[in-house]
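Colleague: I'd like to learn how to read a model like this one. Could you walk me through it, feature by feature?

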Amino acid sequence: MKDGAVVEIEVKLLLNPSSGLTSLSAIADLVSLDVIERKELGNRYFDTPDLALRRQDMGLRIRRSGAQREQTLKTQGQVTGGLHARPEYNAKASGEVPDLALFPDHLWSLSQRQGLQEGLRVQFETDFVRESACLDWDGARIELALDRGEVMAGEGREAIAELELELVTGEPTSLLSLAEVLMGRFSLRLGLDSKAARGYRLAGLSPMPTPLQDWPDSSAGRLQAWQRNEERVLAGEVAALAPLQRVLDEIAGLSPLPGDSTASVLTRQGLEAMMAQPRYGLGQLALLRQLLSES
């Protein structure tokens, strides 16, 4: 808890089309879960026309679940590969538009808050079905959330298929050990971007990251290059194939990926075939572990 904020620490895992993970019940033979809950969640994300919140690295939403409404403000945090740590403020929503007065006064001056409040508009939405359950793992209490649905902005649509491992109590390293077990069974990979970041891009309010041609000789640089170029290839950008192949060749000795995995020229179909194998995600996790050990 900091300044009234709850610091959310989670690992975000993306489901590949062939992941085989369609329900949390599919992992019941791997881990002992509490009761699985299922909810339909609708989310509207708000910002001003000049994206004042986005420029402060803030995300503001109202989440609907049945008759309940909750407003959430996420502030600047830290993302390392697929490990996310970000402070957030929550309050019961009193209407269809967030009431910024329900958040702590220290976040903005009175005049700033009034200006933001008057300018709030819906920028994009997300609708998804969430299955959630808690478990005790490696001395920690962890909540699993399996989300399937879509991000929506105007006529644009983008699928949501991800598994979040959120730390309730304990050490963040427990998230990584659980992720390793799940990645060993299912076709999963580390997720770099939040739903809000994807929504801003889909709405044309945030530029799509360009393919990384060069990166520092470090675990952080390699992992970022891997994830960003992977993202661009899946979005249909041929220009990202060569740098992605180069980074995969460079990390072949540092991860479970076999050294000859990119011996032939990489194609999008080839990438998708690699992603279908558990060792692809385990390779990213190995780099994340090394990155954290260096920091």
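Colleague: Let me start with one residue: is glutamate 8 buried or exposed?

Modeller: Keep in mind that we're looking at a predicted model. The cut-off for buried is under 20% relative accessible area. Glutamate 8 has 13%, so it counts as buried.

Colleague: Where does glutamate 8 lie, and which residues is it in contact with, leaving aside neighbours within four places in sequence?

Modeller: Look in strand E1, residues 6-15. With those sequence neighbours set aside, glutamate 8 is in contact with Lys74, His84, Ala85, Arg86, Glu88 and Glu166.

Colleague: Let's try another strand residue. Is methionine 152 buried or exposed?

Modeller: Buried, because its relative accessibility is 14%. Methionine 152 sits in strand E8. Beyond its neighbours within four places in sequence, methionine 152 is in contact with Phe124, Glu125, Thr126, Asp127, Arg157 and Leu202. For a sense of scale, pick aspartate 29: the two residues are 123 residues apart in sequence, and their C-alpha atoms are 35 Å apart in space.

Colleague: On to cores. Which residues of the largest nonpolar core touch the most other members?

Modeller: That core has 48 residues, and the ones touching the most other members are Leu13, Ile27, Ile142, Leu144, Leu163, Leu165 and Leu178. Helix H3, residues 173-185, gives the most to this core, with 6 residues.

Colleague: Take Leu13 from that list. What does leucine 13 touch, not counting residues up to four places away in sequence?

Modeller: Leucine 13 touches Glu162, Leu163, Leu165, Ala179, Met183, Leu188, Arg189, Leu190 and Gly191. There's also a second, separate core of 16 residues, which includes Ala52, Leu60, Leu73 and Ala93.

Colleague: Ala52 is one I'd like to follow up. Where is alanine 52 found, and what is it in contact with?

Modeller: Alanine 52 is in helix H1, residues 52-55. Its relative accessibility is 11%, so alanine 52 counts as buried. Apart from neighbours within four places in sequence, alanine 52 is in contact with Asp47 and Leu116. You can also check its spacing to glutamine 114: the two are 62 residues apart along the chain, with their C-alpha atoms separated by 13 Å.

Colleague: What should I look for in backbone angles?

Modeller: Most residues other than glycine have a negative phi. Leucine 51 has a positive phi of about 55° although it is not a glycine. Leucine 51 is in the loop between strand E2 (37-47) and H1.

Colleague: Aspartate 138 also has a positive phi of about 55°. Where does aspartate 138 lie?

Modeller: Aspartate 138 is in the loop between strand E7 (121-137) and strand E8 (140-153). Now set the two side by side for accessibility. Leucine 51 is buried, with a relative accessible area of 14%. Aspartate 138 is exposed, with a relative accessible area of 52%.

Colleague: And how do I read two helices packed together?

Modeller: Two packed helices are described by the angle between their axes and the distance between the axes. Try H5 and helix H8, residues 278-294: they pack at an angle of about 145°, with their axes 8 Å apart. Their crossing is left-handed.

Colleague: Which residues of H5 and H8 meet?

Modeller: From H5, they are Ser219, Ala220, Arg222, Leu223, Trp226, Gln227 and Glu230, and they meet Tyr280, Gly283, Gln284, Leu287, Leu288, Gln290, Leu291 and Glu294 in H8. By class, the contact of H5 with H8 divides into 7 nonpolar, 5 polar and 3 charged residues.

Colleague: At what angle do the axes of helix H5 (residues 219-234) and helix H7 (residues 268-275) cross?

Modeller: They cross at roughly 120°, and the axes come within 10 Å. That makes H5 oblique to H7. The crossing of H5 and H7 is left-handed. Glu230, Val233 and Leu234 of H5 make the contact with Arg268, Leu271, Glu272 and Met275 of H7. That contact of H5 with H7 has 4 nonpolar, no polar and 3 charged residues.

Colleague: One more helix, then. Which residues are buried in helix H6 (residues 241-251)?

Modeller: Leu241, Pro243, Leu244, Gln245, Val247, Leu248 and Ile251 are buried in H6. What covers those buried residues includes H5, H7 and H8.

How values were computed. Residues are numbered from 1 along each chain as its sequence is written. This is a predicted model: local features need pLDDT of at least 70, side-chain atom pairs count only at pLDDT 80 or more; totals for chains, interfaces and linings use all residues. Side-chain values use heavy atoms; hydrogens and water are left out. Axes are lines fitted to C-alpha atoms, for helices over the stretch in contact, and angles run from 0 to 180 degrees between N-to-C directions. Helices (H or I, at least four residues) and strands (E, at least two) are DSSP runs, numbered from the N terminus. Angles under 35 degrees count as roughly parallel, over 145 as roughly antiparallel, 65 to 115 as roughly perpendicular and the rest as oblique. A crossing is left-handed if the near helix is turned anticlockwise from the far one by less than a right angle, and right-handed if clockwise. Contact means heavy atoms within 4.5 Å. Ala, Val, Leu, Ile, Met, Phe, Trp, Tyr, Cys and Pro count as nonpolar, Asp, Glu, Lys and Arg as charged, and the others, Gly among them, as polar. A nonpolar core is a set of buried Ala, Val, Leu, Ile, Met, Phe, Trp, Tyr and Cys residues joined through side-chain atoms within 4.5 Å. Buried means under 20% relative accessible area, exposed over 50%, partly exposed in between (1.4 Å probe, protein chains only).
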